[in-house]
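Here is a short tour for anyone meeting this chain for the first time. Take a look at the sequence and the model, then read on.

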Amino acid sequence: MSLEHSKIRRIILVEHEGLRIGMRGIESKLELVASGDVAAIKDTHHALQSLLESFIRHIEHEERILRPVLQTIDAWGPARVASMDEEHTTQRKQVTRLAQMDAVSDPAKWAREVRTFATELLADMADEEKTCLSPDVLRDDIIAVGPDSE
Ligand SMILES: [Fe+2]
Ligand SMILES: [Fe+2]
């Protein structure tokens with residue numbers, strides 16, 4: 001099955017939006033978490049675990065549907081794919097680390113780590129949207145125009 005480029009773009013953008021909403025919800029609780037509020041720590045820890053699971057699924061999804069298209073789409077394809085692979089390797093390590101961190105023993109430290117991750121995640125999605133997900137890159141109609149095109 002092959003998907004139109006515009007459809008791949010829409011699917012990934014919708015996932016990004018879901019991750020942004022989830023991350024904003026988590027960020028809005030971090031101050032309370034850092035103050036040691038037990039209920040906020042429990043809820044936010046739970047919300048983060050589920051966001052991390054969604055994020056891993058998102059990465060796998062990008063690799064399955066976006067990566068093969070980027071590979072061949074233009075002269076910058078291989079560079080885009082290399083940078084995606086590098087980024088995803090780093091992100092998988094960050095996710096594993098964050099998922100294993102104990103929020104209860106040092107909530108302020110945990111909140112700081114989550115905030116750093118959130119900032120990086122938001123920046124990465126913005127960067128992907130500018131580089132590999134822009135409509136100029138993922139367009140459906142690639143038309144060759146030249147003297148022989150009629
Ligand atoms: Fe990505
Ligand atoms: Fe992404």
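## The chain as a whole

Among contacts in the chain between residues at least 6 apart in sequence, 73% join residues at least 24 apart. Two residues are in contact here if their C-beta atoms, placed from the backbone, lie within 7 Å. Bear in mind that this is a predicted model, where local features need pLDDT of at least 70, side-chain atom pairs count only at pLDDT 80 or more, and totals for chains, interfaces and linings use all residues. Residues are numbered from 1 along each chain as its sequence is written, while chains are lettered from A and ligands numbered from 1 in the order in which they are written.

What is the chain built from? It has five helices and zero strands, so read from the N terminus the order is simply α-α-α-α-α, with helices (H or I, at least four residues) and strands (E, at least two) taken as DSSP runs and numbered from the N terminus. Lined up along the principal axes, the C-alpha atoms fill a box of roughly 70 × 25 × 25 Å. The radius of gyration is 19 Å, whereas a compact globule of 150 residues would come out near 15 Å; that value is taken over C-alpha atoms, and the globule rule is 2.2 Å times the number of residues to the power 0.38. Of the 150 residues, 22% are buried, which means that 20 or more other C-beta atoms lie within 10 Å of their own; exposed means 12 or fewer, and partly exposed is in between, again with C-beta atoms placed from the backbone.

## Helix 1 against helix 3

Two packed helices are described by the angle between their axes and the distance between the axes. For helix 1 (residues 5–27) and helix 3 (residues 38–73), the axes come within 10 Å and cross at roughly 165°. That makes the two roughly antiparallel. The axes are lines fitted to C-alpha atoms, for helices over the stretch in contact, with angles running from 0 to 180 degrees between N-to-C directions. Angles under 35 degrees count as roughly parallel, over 145 as roughly antiparallel, 65 to 115 as roughly perpendicular and the rest as oblique.

Helix 1 passes helix 3 in a left-handed crossing, a label used if the near helix is turned anticlockwise from the far one by less than a right angle (clockwise is right-handed). On the helix 1 side, the contact includes His5, Ile8, Ile12 and Leu19, and on the helix 3 side Leu48, Phe55, Ile65 and Val69 are among the partners. Sorted by class, the residues of this contact are 13 nonpolar, eight polar and two charged. Ala, Val, Leu, Ile, Met, Phe, Trp, Tyr, Cys and Pro count as nonpolar, Asp, Glu, Lys and Arg as charged, and the others, Gly among them, as polar.

## Helix 1 against helix 5

Helix 1 also meets helix 5 (residues 107–130), with axes that come within 11 Å and cross at roughly 155°. This pair is therefore roughly antiparallel too, and helix 1 passes helix 5 in a left-handed crossing. His16, Leu19, Arg20, Met23, Ile26 and Glu27 of helix 1 make the contact with helix 5 residues including Val114, Ala118, Leu122 and Met125. The split here is eight nonpolar, one polar and four charged.

Is methionine 125, in helix 5, buried or exposed? Methionine 125 is buried, with 20 other C-beta atoms within 10 Å. Not counting residues up to four places away in sequence, methionine 125 touches His16, Leu19 and Arg20. Methionine 125 and histidine 16 are 109 residues apart along the chain, yet their C-alpha atoms are separated by 6.7 Å.

## Helix 3 against helix 4

The axes of helix 3 and helix 4 (residues 77–100) come within 10 Å and cross at roughly 170°. These two are therefore roughly antiparallel, and the crossing is left-handed. Leu52, Phe55, Ile59 and Leu70 are among the helix 3 residues that take part, and Val81, Met84, Val95 and Leu98 are among those of helix 4. By class, this contact has 12 nonpolar, six polar and four charged residues.

## Two more residues to find

Histidine 5, in helix 1, counts as partly exposed, with 19 C-beta neighbours inside 10 Å. Leaving aside neighbours within four places in sequence, histidine 5 is in contact with Val69, Leu138, Arg139 and Asp140.

Alanine 39 lies in helix 3 and is exposed, with 10 other C-beta atoms within 10 Å. Alanine 39 and lysine 7 are 32 residues apart in sequence and 40 Å apart in space, C-alpha to C-alpha.
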